[in-house]
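Me: I would like a close look at one part of this model. Please start from a single residue and work outward.

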Amino acid sequence: MSQLDTPVLELRNVTKTYSVKQGLFGKPKPLTAVNDVSIKLARGEVLGLVGESGCGKSTLAKILLGLEAPSSGQVLVDGQALGGQDRLALARRIQPIFQDPYSSLNPRKNIYDIIALPLRVHSIGNEVSRQKSVREILDIVGLPARVMNSYPSQMSGGQRQRVAIARALIMKPEIVICDEPTSALDVSVQSQILNLLNELRQEFGLTYLFISHNLAVIEHLATRVAVMYLGRIVEEASVESLFDAARHPYSDALLKSVLTPEPGLGIPDTHLGMTYPNPIAPPDGCHFHPRCPSAMDLCKSQRPTPLFDAAGRIECHLFSP
Amino acid sequence: MTLATSANSVDPLLQDIIGPTPGQQLRRRFFGHRGLMIGASVLGLLLVIAVLAPVVAPHDPYAQDLMARMKPPVFLGGTWENILGTDHLGRDYLSRLIYGARVSLLIGFVAALISGTIGTAMGVAAGYFGGRVDMVVTFLINVRLAMPVVLVALAVVAILGGSLQVVIGVLGLLLWDRFAVVMRASTLQVRGREYVAAAQAIGASTPRILLSEIMPNIMNNLIVVITLEMAHAILLEATLSFLGLGVQPPTPSWGLMVSEGKNMMLFEPWLVLIPGTVLFVVVLAINLMGDGLRDVTAPENRS
Amino acid sequence: MCQSKSCQDTPILSIDNLTIDIPTSAGTLHAVRGISLDLKRGETLCIVGESGSGKSLTSLALMGLLGKRIVPRADRMEFDGIELTTASARTMRKLRGARMAMIFQEPMTSLNPAYTIGDQLMEALTLHGGSSRKKARARAIELLEKVGITAAESRLSQYPHQLSGGLRQRVMIAMALMCEPELIIADEPTTALDVTIQAQILRLLADLQREMNMAMILITHDLGVVARVADKVAVMYAGELVETGPVKEIFAAPSHPYTRGLLRCIPLPGKTKRGSVLGTIPGIVPSLVGDVEGCTFRTRCEHAAPACRGPIPLHSSPEGTHSFRCIYKPGSLQAEAALSTGTSV
């Protein structure tokens, strides 16, 4: 385990700011989608990233895929800064699986062309060897080779997501960014895809960044969890410690609002105020204080500093160093 | 598992690839659409006639016979020698109509091709790159929309003189606005799809993404606009020729024929009615085809 | 059907053998086949099913919103004694909004972007209740407050696009409640929302339902939501009701192979081992175009047998509350599962 000290993927103080124009003649205002985020992914681990819509999860995924450049901070792959690597080299190491298999496959291309696109772009092999690779990867994701000539519209949601996984894996990447890979699928298909992702990870030693709002899925698959709120990681811990004893009040509220299929328990009260704050005008102090059931005066004025300890990382005045 | 597969080996419910390919579906919808079929047949017939004009036309369209001027068409008491009669110079009207189809279709097609290339390039660039590019293109579209097409065309033709090439060039350079608007909107829509993000994440180059991810998915809209702009160009050519600023005589052009017939309109109305009707039918056919193509290629947009 | 004591108050909604056929170019699509349901005041029925199960079509048929091309057939489809299949368009219009209301999944598409929240809320009341604008306004404010919207009065003049998704869904709920309906149908009301908002909206719906003694049909694919909200559950697969019963029985002793399969697909916190292999239902939902015979789940069922192509018997519990459609007798699959895995379900 020589790579233990070099994380396969690392974000160092990554910030992404957009300027948003409000109204026709409004002055552009900065929107900080990702705010000073630092995370490390060790080889073979699954980092679950959770948070409500608008918290910056998807922006973070785009930065990791090189689709967006961070406004400041660094992304390192195997200890090497992302800016120093060319786009093709990066694409070989990090691949995405998107949420909606109805939108992630080009409807005008057949399955073979879709899966072989990475090989063509990277000029890997010739048409014969590509055919062979596509056959192999189809077998790995559990699709018969005869789907090669079909089109996405002829397939079910689960099959399409398998195609998307095949496309992501055909170049044998090390890191896969899974952005809500099962939330558009039916329940009976979700579990197949989750099982497949889990199998593939073990077989190919993949590292996942798994973005989801489904905490049951995160709990099942992830080894570590990062909780994001308004662009910041407010808590990061191993999946056991987070799900057994979440420390940040926001993580706690998120966990409480999960509806497990246990009849008779009723619907939980999260004690969260309902409105997610406007990211253009985030609250002062701790961003979470207007919705926090245990907010103190300090929280309104001062931003908590992160605490790093054995359990992970937490950013809350209740756990100030 | 084993039980299920063995029990259902020939079960009609069991299937994993659903339905026909997009191509098969398109074909089925294409041939099932009445308006589209009518429009396409009329246009196809006309195209064949135009291409085979030297074979099909009964007479030389330029051959004058001053002894046989303004012979009425056969249904108004004329002879089968000149089925649609002759014009004021004694030229066979049917032959002139047939050769006129060549001019009209040529102008419609080439003008739509030129403006389509310009408009698509601008629209796709604006939609895909956004930002400054989009601002510039939007500005150009607005400038173009502020210019009255007929007046500008008249002015240009008046300066350069009317000829087939000039008319095609002027129309081609003026009719790109709808292409740009439609292509920009379609590109914006497609750009947001995840397969474009997936191609970017694969490392595909921008030209590759534009050509193989974006273009195939906006092609249907492009084809619809091409047909509509063809009709537009054909009408404009007729207008210009009617005003004497389009194709120059003695070239047979439908607009010119209407123009030449208008002096006699009160005495021999068929001189205007025949080319007018043909023009009407062609434009109607193209529009039917355009509407049909829109229905067929985007069934989800049908009301 | 209703002999037991608990059943004596007559159901407000009673459906018997509802069938929806949709004509398509490839043939008739048998989208919904032979659905029978009863619902009493104050009761919540969850219809669970995956895409293509016909759950949304069923609810649209109840509201008379299927459109002209699709005509639902039923032996009986009564709402408080009014037969809905034969009701005139006028009667249906009067019922909708006034006595039956619907909440859709995507509030943005069901709210009119051109009118303010206030206008849309009040329209429901002035249209059906015939009350004055002043009264309607007061009621709108009252309801917005009830659904947890702060500064309700100022919200009345806002447009839908000025509200967040959670707020819009609350406005939709308020709008559905304006005329105090007796039956409310919610089609995936929280699917587009975040988990934290979902819990709040569902709590709100449940509270309001209890307070107004409404009957509620909640359509969802989320078994977590079903477990926490439902009194009764109806499981639909490929247009058929495969199992119905009280929520506790469905979750404790699911009888139809599909219900059992669904429950195995989701990781249960504390019960499913982290990272373990989850249960799956292989295959896909079959096409329902053309003749549909036997059990449509047979192509995906691990217990499928040749008999599944024939007529499928309906097994009912002695009280008549729990029933399912399968060639296997009640309990036989549980026993088999217990034998093969050594655990009880």
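Which residues does C:I173 touch, not counting residues up to four places away in sequence?

Reply: This is a predicted model. Leaving aside residues up to four places away in sequence, C:I173 touches C:I103, C:V147, C:I201, C:L204, C:L205 and C:L208. C:I173 sits in the largest nonpolar core, which has 73 residues. Together with C:L121, C:I173 has the most contacts inside that core. Apart from it lies another core, of 64 residues. A:Y112, A:V147, A:M171 and A:V234 are among its members.

Now the contact between chain C and chain A. Chain C puts in 45 residues and chain A puts in 40 residues. Between them the two chains bury about 3,800 Å², with 59% of it on carbon and sulfur atoms. On the chain C side, C:T196, C:R228 and C:R274 lose the most area to chain A. Together these three account for 22% of what that side buries.

Polar links also join the two chains. Three salt bridges are counted between chain C and chain A. The side chains of C:R274 and A:E219 meet in a salt bridge, at 2.9 Å from N to O. There are also 16 residue pairs in polar contact between these chains, both residues at pLDDT 80 or more.

Which elements of chain C face chain A? At least two residues each come from α7 (165-177), α8 (195-212), α9 (223-229), α10 (247-252) and α11 (257-265) of chain C. The largest share, nine residues, comes from α8(C). By class, the side of chain C that touches chain A has 23 nonpolar, 13 polar and nine charged residues.

Chain A also meets chain B. Here 34 residues of chain A are in contact with 25 residues of chain B. The two chains bury about 2,400 Å² between them, 54% of it on carbon and sulfur atoms. A:R87, A:R108 and A:Q154 supply 24% of the area that chain A buries there, more than any other three residues. One salt bridge is counted between chain A and chain B. The side chains of B:E213 and A:K109 meet in a salt bridge, at 2.7 Å from N to O. Ten residue pairs are in polar contact between these chains, both residues at pLDDT 80 or more.

Last, a helix within chain A. Six of the eight residues of α1 (residues 57-64) of chain A are buried, so this helix is largely enclosed by the rest of the structure. The buried ones are A:K57, A:T59, A:L60, A:A61, A:I63 and A:L64. A:G66 follows α1(A), and its phi is positive, near 80°.

Conventions
Residues are numbered from 1 along each chain as its sequence is written. Chains are lettered from A and ligands numbered from 1 in the order in which they are written. This is a predicted model: local features need pLDDT of at least 70, side-chain atom pairs count only at pLDDT 80 or more; totals for chains, interfaces and linings use all residues. Side-chain values use heavy atoms; hydrogens and water are left out. A nonpolar core is a set of buried Ala, Val, Leu, Ile, Met, Phe, Trp, Tyr and Cys residues joined through side-chain atoms within 4.5 Å. Buried means under 20% relative accessible area, exposed over 50%, partly exposed in between (1.4 Å probe, protein chains only). Contact means heavy atoms within 4.5 Å. Buried area is the accessible area (1.4 Å probe) that two parts lose on being put together, summed over both. A salt bridge is a side-chain nitrogen of Lys or Arg within 4 Å of a carboxyl oxygen of Asp or Glu. A polar contact is a pair of N or O atoms within 3.5 Å; within protein, one must be able to donate a hydrogen and the other to accept it, and residues adjacent in sequence count only if both atoms are side-chain atoms. Helices (H or I, at least four residues) and strands (E, at least two) are DSSP runs, numbered from the N terminus. Ala, Val, Leu, Ile, Met, Phe, Trp, Tyr, Cys and Pro count as nonpolar, Asp, Glu, Lys and Arg as charged, and the others, Gly among them, as polar.
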